[in-house]
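Me: I am new to this structure, and I would like to learn how to read its features one step at a time. Could we begin with a single residue and then move outward?

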Amino acid sequence: MRCFYLPEVTFRTGDVIMLPSDLLKHVKKILRLQPGTQLQLFDGHGRVAEALLAETGRAEITQIVYHPVSACQLTLIQGLPKGEKPELILQKGTELGVNHFILVEMERSLSQVKAERKERRLDRWQKIVQEAARQCKQYHLPELTLTKSLKDALSEVEADEKILLWEESGVPLVTVLPQSTPQRIAVMVGPEGGISSQEASLAEKMGYKTVSLGPRILRTETAGLAIMSILQYLYGDLASGQKG
């Protein structure tokens with residue numbers, strides 16, 4: 001069943017709603033869906049409406065299902081990488097169930113977002129998150145934040161477990177992971193140039209435990225996705241076998 005993100009709409013069984021023009025164009029002109037086709041519409045907060053496409057470009061809601069949030073909420077604090085790497089991280093991170101992305105410019109970031117381009121970049125990144133959520137049926141749309149201050153980024157996060165991936169750490173990841181499922185885990189990953197000792201010290205003062213992912217140096221776009229996969233397997237839904 002095709003799934004579409006439809007924010008700012010109150011879903012009620014039996015209601016007939018008009019699809020936005022851009023979505024309607026995509027449904028009719030690109031996907032060529034016919035009247036009577038079943039659709040899923042989600043609001044980004046866990047509410048999913050099953051609906052039937054009508055001839056007039058409207059959709060009749062037949063059923064509403066609420067999907068609860070994951071038992072373990074994941075936050076990824078990502079040192080801003082260059083080029084298209086943020087897009088890859090946001091897309092694949094959404095597929096892996098990350099709940100909050102915080103992109104932050106760090107000392108060794110090779111890329112910066114100028115003030116006049118911030119809104120445009122955020123808008124593009126939001127659309128990438130929305131499209132990834134639609135495709136993988138991540139019904140709770142991840143939050144996305146962009147900041148220039150690492151201290152602000154670290155201060156913004158409340159988590160039961162705080163982890164810093166640092167190539168200079170000799171602490172194995174397994175030694176800091178709890179036995180029982182934590183409600184919230186935050187992971188900090190540096191940009192291409194890595195994390196400076198000053199930044200690592202700041203993170204440690206704010207409760208982050210430095211860990212290593214083993215003998216190989218992972219690229220910045222790989223490291224966060226790797227640990228999110230591990231955490232989802234241990235505490236999330238990757239190992240459950242349940243459908244979304």
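**One residue, then the whole chain**

Reply: Let us take Q40, which has its place in strand β3, a strand covering residues 38–42; please keep in mind throughout that this is a predicted model.

Me: Is Q40 buried or exposed?

Reply: The general idea is to look at the relative accessible area, where a value under 20% counts as buried. Q40 has a relative accessible area of 10%, so this residue is buried.

Me: Which residues is Q40 in contact with, leaving aside its neighbours within four places in sequence?

Reply: Here one looks for heavy atoms within 4.5 Å. For Q40 the partners are M1, R2, C3 and F4, then V48, A49 and E50, and finally K137 and Y139. With Y139 there is also a polar contact, in which the two side chains are joined at 2.9 Å.

Me: How many helices and strands does the protein chain have?

Reply: The protein chain has six helices and eleven strands, and buried residues make up 47% of its 244 residues. Among contacts between residues at least 6 apart in sequence, 74% join residues at least 24 apart.

Me: What radius of gyration does the protein chain have, and what would a compact globule have?

Reply: The idea is to set the value beside that expected from the number of residues: for 244 residues a compact globule would have a radius of gyration near 18 Å, and the protein chain, with 20 Å, agrees with this. Along its principal axes, the C-alpha trace spans about 60 × 45 × 30 Å.

Methods:
Residues are numbered from 1 along each chain as its sequence is written. This is a predicted model: local features need pLDDT of at least 70, side-chain atom pairs count only at pLDDT 80 or more; totals for chains, interfaces and linings use all residues. Side-chain values use heavy atoms; hydrogens and water are left out. Helices (H or I, at least four residues) and strands (E, at least two) are DSSP runs, numbered from the N terminus. The radius of gyration is taken over C-alpha atoms; the globule rule is 2.2 Å times the number of residues to the power 0.38. Buried means under 20% relative accessible area, exposed over 50%, partly exposed in between (1.4 Å probe, protein chains only). A polar contact is a pair of N or O atoms within 3.5 Å; within protein, one must be able to donate a hydrogen and the other to accept it, and residues adjacent in sequence count only if both atoms are side-chain atoms.
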